[in-house]
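Subject: Structure for you to look over

Dear colleague,

I am passing on the structure that we talked about, together with some notes on what was found in it. Please read the notes with the structure open beside them.

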Amino acid sequence: MAHTPAPAWPGWSDAGTLVMPLAAPPPVRPLTLDGLRLQPKRELHVTLIGGRLAERLRASLRDPYLTAAVRTLYEAHDWHFATTGEYRLLRKPARRDDGRFGATHSVIALLTMPAMAAFHHGLGRLLGTQLPLPPPHVTLYVEGRAQGIGVRSPSALRGYAVRAIAPHELDAGAPA
């Protein structure tokens, strides 16, 4: 497979995370699934460094070294990806957008993204530890929390998973 240059360095988000924006538009209509009314995610991205890992990196490394090291790792990889055709409904107890604590939900599409493993291995070397590999995914729909729920490891994915979603359910659950 030919090397695909990394998309332009996105920089740190306002939340201090590193996300790779996707060019694909988000879904247009809400989704009703298992009695839940899920809203389309406002924008689509793959989270490369979530909040907890970003905090660990900032506690260990100072800028400008941190940003230079992470940017070098990012730009060294081929960030091509493909959807696997697998979708999951997730549930996580968290602070909802209305301020209450309760169940929040997301529908995610799982991805194959080979660079994710090498990138996290490099981040682990920066921290002197082995890091869990976040499952590459994109959040398509949310309920209760517009930002989604965060899936930082395979064990978190297993813990939050309510069920697999067949692709036809995404079409059937979106009212016209």
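How much surface does the protein expose, and what share of it do carbon and sulfur atoms supply? The exposed surface comes to about 9,500 Å², and 55% of it is supplied by carbon and sulfur atoms. Please keep in mind throughout that this is a predicted model.

Overall architecture

The protein contains five helices and eight strands, and along the sequence these elements follow the pattern β-β-β-β-α-α-β-β-α-β-α-β-α. The radius of gyration is 17 Å, close to the 16 Å that the globule rule gives for 176 residues, so the protein is as compact as a globular protein of that length. Along its principal axes the C-alpha trace spans about 50 × 40 × 25 Å, and 46% of the 176 residues count as buried. If one takes the contacts between residues at least 6 apart in sequence, 71% of them join residues that are at least 24 apart. As for charge, there are 20 positive and 13 negative side chains, and the centres of these two sets lie 6 Å apart.

Helices H1 and H2

Helix H1 takes in residues 51-60, and its buried residues include Leu53, Ala54 and Leu57. These three cover an arc of only 100° around the axis, which puts them on the same side of H1. The face turned away from that buried side carries the exposed residues Arg52, Glu55 and Ala59. Among the elements that cover the buried residues of H1 are strand E4 (45-49), helix H2 (65-75) and helix H3 (115-127).

Why does alanine 59, a residue of helix H1, count as exposed? Its relative accessibility is 59%, and the cut-off for exposed is over 50%, so alanine 59 falls in that class. The C-alpha atom of alanine 59 is separated by 9.8 Å from that of leucine 127, although the two residues are 68 apart along the chain.

In H2 the buried residues include Leu66, Ala69, Val70, Leu73 and Tyr74. Seen down the axis of H2, the buried residues fall within an arc of 135°, so they line one face of the helix. The cover over the buried residues of H2 includes strand E1 (18-21), E4, H1 and H3. E4 and H3 are thus named in the cover of H1 and again in the cover of H2.

Loops and backbone details

Proline 64 sits in the loop between H1 and H2, and the peptide bond that joins aspartate 63 to proline 64 is cis, with omega at about 10°. You may wish to look at this bond in the viewer.

A second backbone detail concerns aspartate 34, in the loop between strand E2 (31-33) and strand E3 (36-40). Its phi is near 50°, which is a positive value in a residue other than glycine. Aspartate 34 is partly exposed, with a relative accessible area of 48%. Threonine 32, which lies in strand E2, is also partly exposed, at a relative accessible area of 39%. Threonine 32 and alanine 15 are 17 residues apart in sequence, and their C-alpha atoms are 29 Å apart in space.

Is aspartate 78 buried or exposed? Aspartate 78 lies in the loop between H2 and strand E5 (82-95), and with a relative accessible area of 14% it is buried, since the cut-off for buried is under 20%. The C-alpha atoms of aspartate 78 and tyrosine 141 are separated by 27 Å, with their positions 63 residues apart along the chain.

Proline 132 is in the loop between H3 and strand E7 (137-143), where it is partly exposed, with a relative accessible area of 44%. Leaving aside residues up to four places away in sequence, proline 132 touches His120, Arg152 and Ser153. The C-alpha atoms of proline 132 and serine 155 are separated by 9.1 Å, and the two residues are 23 apart along the chain.

With best regards

Terms used. Residues numbered from 1 in each chain as written. Predicted model: local features only at pLDDT ≥ 70, side-chain atom pairs only at ≥ 80, totals over all residues. Heavy atoms only, no water. Helix = DSSP H or I, 4+ residues; strand = E, 2+ residues; numbered from the N terminus. Rg over C-alpha atoms; globule rule 2.2 N^0.38 Å. Buried < 20%, exposed > 50% of the residue type's maximum accessible area, 1.4 Å probe, protein only. Contact = heavy atoms within 4.5 Å. Areas by Shrake-Rupley, 256 points an atom, 1.4 Å probe, with all protein chains shown as cover. Lys, Arg positive; Asp, Glu negative; His and termini not counted. Charge placed at Lys NZ, Arg CZ, Asp CG, Glu CD. Arc of directions from axis to C-beta.
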